[in-house]
Each structure stands twice: as structure tokens, then as C-alpha cells.
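Please examine the sequence and the structure shown below. The paragraphs that follow lead through selected features, one region at a time.

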Amino acid sequence: DMPFATLVIGPAGVGKTTMAHALQVHGQTTKRAIAVMNLDPAADNTPYRADVDIRELIRVEDAMTDMGFGPNGGLIYCMEYLLTHIDWLEEKINEFGEDDTIVVDCPGQLELYTHVPVMPRVVAALERGGVRLCVAYLMDAVAVHDASKFIAGSLAGLAAMLQIPAPRLTVLSKSDLVPSTEALEDFLELQSTVAFLENSERIERKVYGLKNRRRRNFRYMKLQHAICRVVDDHALLSFVPFSIKDDDSPAHVLSFSDHLTQYADHAEVRIREDERGYNPQEDAYNQGPYFQDDEDADDGGGGDFFGSG
């Protein structure tokens, strides 16, 4: 049996590293084994303690210096170098326990998921090793007040996630920065891109207090509705809010990822010992399938298990 994993992807600056750190801290608080894997060779300083770090294998600075690449070319070279040394990653994965959860902090360049088949091949290698994983695409929650930004972010996420054959969810990061929590709640209640588009005018009025409707191009709006219908018809996106200021956010995101990876179905049930070292699960096993009174412990006692003799 292999561990579980959640791949955290999304554009640069959307909050992937921040959420990975929050999930690690949540694991320490709840005594759950949650490790963080850094797959971004261009990361400078990370707030979390990386249990697996690609920078031990290669760094972007090395690729740029030795190979003469720019930042983007150096990043692609580093990820392709990881593919040629995939055994290094597999050895790191084998060090985890079967119930461990790995949060994979991925690079922010979306071309790694769309134009270059690097990350899909990394994911395929993990799945061949038995890792049960899902993909969490982070999108800036501020986009919910602007239909154009929302559709652009959704399509960028779809382009990335459709290349990875794994269960997926969309996390609305930085939800505490949305000007109106009521507008965000309305959006999450709709859970439909078409309904969101139809109510965008009302949401904008709540956010900005607009009294006059914006003048929109009819053909442009028709295109927006057509795109949103495709997203809704195929149930391609599900939205989960995340805020670093909300202590319940990490548990909320984990509950969705656990559902996608079927964590509860595969995780081993463990009953912790109390302060005296007593383990009720182990004690019940030692006692057998049922308990006997001391007076009936001998074979000549007053009856068998099913009735009186």
C-alpha cells in the first residue's frame, strides 16, 4: 500500500505554498501524518519544512548557469531532468507510510501542464507506484466579482487539469480578500458557472454598490454563456474556499481531497493508547471474540455460549 497525495497546482502567486504550509500545520495539530513535497526547483524560501525537495536533485539556478537557459527554459529543463531521474522520486515516495498524506507543492508555470507533457508524466509515474492522488487547482477568489476573470481562470484551470487523469477540485484561495463575503457565499451556493454568470450583475452590485447595469456586448455575453454551459454540462469544476485566516479552511480542503482519494476507505483505523498505555483495540483482541466471567471460565461451568446446559 502506498500513501495518498494532493497535487497543488495553479498560476504563480495564487497561494499554493501558503496552503501547503497551512495543511502541514493542520496535520501537526491534529496528529495526522501530512508531509509536504516541493516540486518547484525555482522556490527560494518556503515556510514549510519540505519532506521531499526537488532542489536536492536540481535547482533552476544551476540549469540557467550550466545550460544557458532563461527562467522558463531552466524550469522546463529541471522538470525534464526529474523525469530522467524518476527513480529518485520513487525512492522518496517509498519512505512514506501507507496512511500518510503528501501535499505536493508544484511550480506555477501552467505551460508545464498544458504545452509540455512534464507534469502529466510525473503524475503517471506516481500512479504507477500506487499513490492515490487528486489535483487541487488554486484560483484567486477575487475573480468571483468579475465574470471575465472568472471564466479566464476557470479555462486556465481546465486546460491544466484535463491533462492530468486524476480527480480534481478547484480551490478559491485568498477568499478572505473578497470585498463581500455575502457575494462569495452566493457564488458557492450556486455551484454553477451559468448561474454565476446570470447573477454576476447582482453580485457586482453587492460588491461595488453599483446602481447602473454595465453595458455589455451581446455577442460577448453569448460566448461567455456557451463556455459556462460546457463547464456545467461536464461537471468539470467544483469550488472550495480557502482562507489562511480561517482555522477551519485546511480541514475543509482536506475533507474534499480525502473524498476524492477515498482516504477513509483505505486508511487503517488506529486507536491510540491512553496515558497509562492502555490500548482498547489490542486488549479486545487478546480477550477473544467475547468475554467470560471468572466463575464460568472453566469447562465445567454453568453453560455454553449459546445457552444454558
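Is isoleucine 164 buried or exposed? In this predicted model, isoleucine 164 has a relative accessible area of 0% and is therefore buried. The residue belongs to the loop between α6 and β6, the latter spanning residues 168-173. Its C-alpha atom is separated by 7.9 Å from that of tyrosine 113, although the two residues are 51 positions apart along the chain.

Helix α6 also contributes to an internal space. The structure holds one cavity of 30 Å³ or more, and the largest cavity encloses about 30 Å³. Its lining is formed by Phe150, Ile151, Ser154, Leu155, Thr193, Ile227, Cys228 and Val231. Two elements, α6 (147-161) and α10 (218-233), each give two or more residues to this lining. The largest share, four residues, comes from α6. In character, the lining comprises six nonpolar and two polar residues, with no charged residue among them.

The charged side chains can be followed next. Four salt bridges are present in the structure, and three of them are described here, beginning with arginine 49. The side chain of arginine 49 meets that of aspartate 51, with a distance of 2.8 Å from N to O. Arginine 49 has a relative accessibility of 53% and so counts as exposed, whereas aspartate 51, at 30%, is partly exposed.

A second salt bridge joins arginine 55 to aspartate 53, and here the closest N and O atoms are 2.6 Å apart. How does the setting of this pair read in terms of accessibility, and what places each residue in its class? Arginine 55 counts as buried because its relative accessibility is 14%, and residues are classed as buried when the value is under 20%. Aspartate 53 is likewise buried, because its relative accessibility is 9%.

The third salt bridge is formed by the side chains of lysine 92 and glutamate 56, at 3.7 Å from N to O. This pair links distant parts of the chain, since lysine 92 lies in helix α4 (residues 86-93) and glutamate 56 in the loop between β3 (52-53) and α2, 36 residues apart. Lysine 92 is buried, because its relative accessible area is 19%. Glutamate 56, in contrast, has a relative accessible area of 55% and is therefore exposed.

Beyond the loop that holds glutamate 56, attention may turn to the surface. A nonpolar surface patch of about 250 Å² is made by Met64, Met67 and Phe69. Phenylalanine 69 is located in the loop between α2 (60-67) and α3 (71-84). With a relative accessibility of 34%, phenylalanine 69 counts as partly exposed.

Helix α3 itself contains glutamate 80. Glutamate 80 has a relative accessible area of 39% and is therefore partly exposed. A further contact in space concerns this residue and proline 117: the two are 37 residues apart in sequence, and their C-alpha atoms are 9.4 Å apart.

Two backbone positions complete the account. Which value does phi take at lysine 31? Phi of lysine 31 is near 60°, a positive value in a residue other than glycine. Lysine 31 occupies the loop between α1 (16-30) and β2 (34-38), and its relative accessibility of 64% means that it counts as exposed. Glutamine 262 also has a positive phi, of about 55°, although it is not a glycine. Glutamine 262 is placed in the loop between α11 (249-261) and α12 (263-266). Its relative accessible area is 42%, so glutamine 262 is partly exposed.

Methods:
Residues are numbered from 1 along each chain as its sequence is written. This is a predicted model: local features need pLDDT of at least 70, side-chain atom pairs count only at pLDDT 80 or more; totals for chains, interfaces and linings use all residues. Side-chain values use heavy atoms; hydrogens and water are left out. Patches are made of residues with over 30% relative accessible area and no salt bridge: like charges are joined within 9 Å, nonpolar side chains (Val, Leu, Ile, Met, Phe, Trp, Tyr) within 5 Å. Accessible areas come from the Shrake-Rupley method with a 1.4 Å probe; for residues, only the protein chains shown count as cover. Buried means under 20% relative accessible area, exposed over 50%, partly exposed in between (1.4 Å probe, protein chains only). On a 1 Å grid over the protein atoms alone, a cavity is a set of points where a 1.4 Å probe fits but cannot get out, and a pocket is an open set with protein on both sides within 12 Å along at least five of seven lines; lining residues have an atom within 4 Å of a point. Grid points are joined across faces, edges and corners, and a volume is the space filled by probe spheres set on the points. Ala, Val, Leu, Ile, Met, Phe, Trp, Tyr, Cys and Pro count as nonpolar, Asp, Glu, Lys and Arg as charged, and the others, Gly among them, as polar.
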